[in-house]
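Q: Please take a close look at the aromatic pairs of this protein and at the surroundings in which they lie. A connected account would be appreciated.

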Amino acid sequence: MSKRKKNNGKSWFSFFKRDGKKKTASLTPRSRKKKDAPRIPSWLWVMLTIIGFALLAAGLTAGFMYMESYVKKLPQTQQRSGSLKLVNPPVWLEQAWLDAIIKTAGGSRFVLDEDAARVITERLGRIPWMTDVRVQTMPDNIVIHAGYRRPIVRIAAGKDKYYYLDEQMVLFDALPVTQIAIPEVVGFTQRSIPSPGSVWLADDVKAAVELVYVLSLMDLQMMGIEKPIQKPLLDEIASIDVTNYAGRKSAGDPHLVLDVKDGQTKVFWGAAMGQASRHLEANEKEKVTNLYQHYTEYGNTLQGKGKFIELRQPQTLIPRPQ
């Protein structure tokens, strides 16, 4: 009896032991399979990483390109724009000149961004009659600061084609002007006219420019006195004839002649500015004084008062029409 119990006990515990062994043994193959699973090579990881970054970069690039194209397609009304504004332009700058500025600038309204001022400055710098161009982009408009070459005389360059010259002998295209008088220079010898924006080195034309410039300053002075003249004397002058400049045609004839608009009266000015004493003529101050005294005495006009007015003789008497 006791022996059977002993054996049964042994057999009972042996069962659990064997079962435990079986259980333990059954786990061994699974553990080996996991340990022996194939690994991804390192070079393959590197390649996959590079491919991933490449795909990410391509996606970002495509996204930015799409955003840029979207921004460009936005309506212009969503962008802040403004018009051009000239600061202190001269009174004689008429609509034709303003139209030329707008055309050269590329329009009358611009987007108010950081590039607008630079682009407009470069474009307006091509206009020969504008100097020292400075452009600023403001919150509401684009402001233009510039100097403007005042036309002193005009030059004919073929049929219905004219150029202007300022007091520095800079040549530029002629545009309509009604506020100031611009006499024409006739009789000059040089036929090849330089391109706009160039300085014209022609002595006979320069002599006419200097004379008209002095008369324009005298007009301003006479308009500002207590009893001003009613209109500028230059309004009476149609042209400056330099055919006999420096006596090249005749030593005894006047070198410079002012043609009055009536087509009949001529003003014999004489030698070019600074050359009067060499030809024993009245100096420039006396010539100007006598000319304006004659102009005011005869009712602010030079027209219809005679065939010529002689200014060359040194005298204090007012020159009379003859």
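A: In this predicted model, phenylalanine 268 has a relative accessibility of 17% and therefore counts as buried, the limit being under 20%. Phenylalanine 308, with a relative accessible area of 23%, is partly exposed. These two residues form an aromatic pair of the stacked kind, with 4.9 Å from centre to centre and 15° between the planes. The pair joins distant parts of the chain, since phenylalanine 268 belongs to strand 11 and phenylalanine 308 to strand 12 (residues 308-310), 40 residues apart.

The structure holds seven aromatic pairs. Another of them is formed by tryptophan 97 and tryptophan 129, whose ring centres are 4.8 Å apart and whose planes stand at 75°, so this pair is edge-to-face. It also links distant parts of the chain: tryptophan 97 is in helix 3 (residues 95-105), while tryptophan 129 is in the loop between helix 4 (116-124) and strand 3 (130-137), 32 residues away. Tryptophan 97 counts as buried at 0% relative accessibility, and tryptophan 129 counts as buried at 4%. Ring pairs connect both tryptophans with Trp92, Tyr164 and Phe172 in a cluster.

The nonpolar cores complete the setting. The largest has 39 residues, of which Leu165, Trp200, Val205 and Leu302 touch the most other members. Strand 11 (266-270) is among the elements that supply at least two residues each to this core, as are strand 5 (153-156), strand 6 (162-165) and helix 6 (284-297). The greatest contribution comes from helix 5, with nine residues. Leucine 165 touches, among others, Trp200, Val205 and Phe172, and Phe172 is itself a member of the ring cluster. Apart from the largest core lies another, of 27 residues, which includes Trp92, Leu112, Trp129 and Val177. Trp92 and Trp129 thus appear both in that core and in the cluster of rings.

For the protein as a whole, 33% of the 322 residues count as buried. Among contacts with a separation of 6 or more, 55% are between residues 24 or more positions apart. The fold that carries these contacts has six helices and twelve strands.

On the surface, Met47, Leu48, Ile51 and Leu55 form a nonpolar patch with about 390 Å² of accessible area together. Leucine 48, located in helix 2 (residues 42-72), is partly exposed at a relative accessible area of 45%.

Definitions and conventions
Residues numbered from 1 in each chain as written. Predicted model: local features only at pLDDT ≥ 70, side-chain atom pairs only at ≥ 80, totals over all residues. Heavy atoms only, no water. Core = buried A, V, L, I, M, F, W, Y, C linked by side-chain atoms within 4.5 Å. Buried < 20%, exposed > 50% of the residue type's maximum accessible area, 1.4 Å probe, protein only. Helix = DSSP H or I, 4+ residues; strand = E, 2+ residues; numbered from the N terminus. Contact = heavy atoms within 4.5 Å. Patch = residues over 30% accessible without salt bridge, like charges linked within 9 Å, V, L, I, M, F, W, Y side chains within 5 Å. Areas by Shrake-Rupley, 256 points an atom, 1.4 Å probe, with all protein chains shown as cover. Salt bridge = Lys/Arg side-chain N within 4 Å of Asp/Glu carboxyl O. Phe/Tyr/Trp six-rings, centres within 6.5 Å; stacked < 30°, edge-to-face > 60°. Lists of a residue's contacts leave out its neighbours within four places in sequence.
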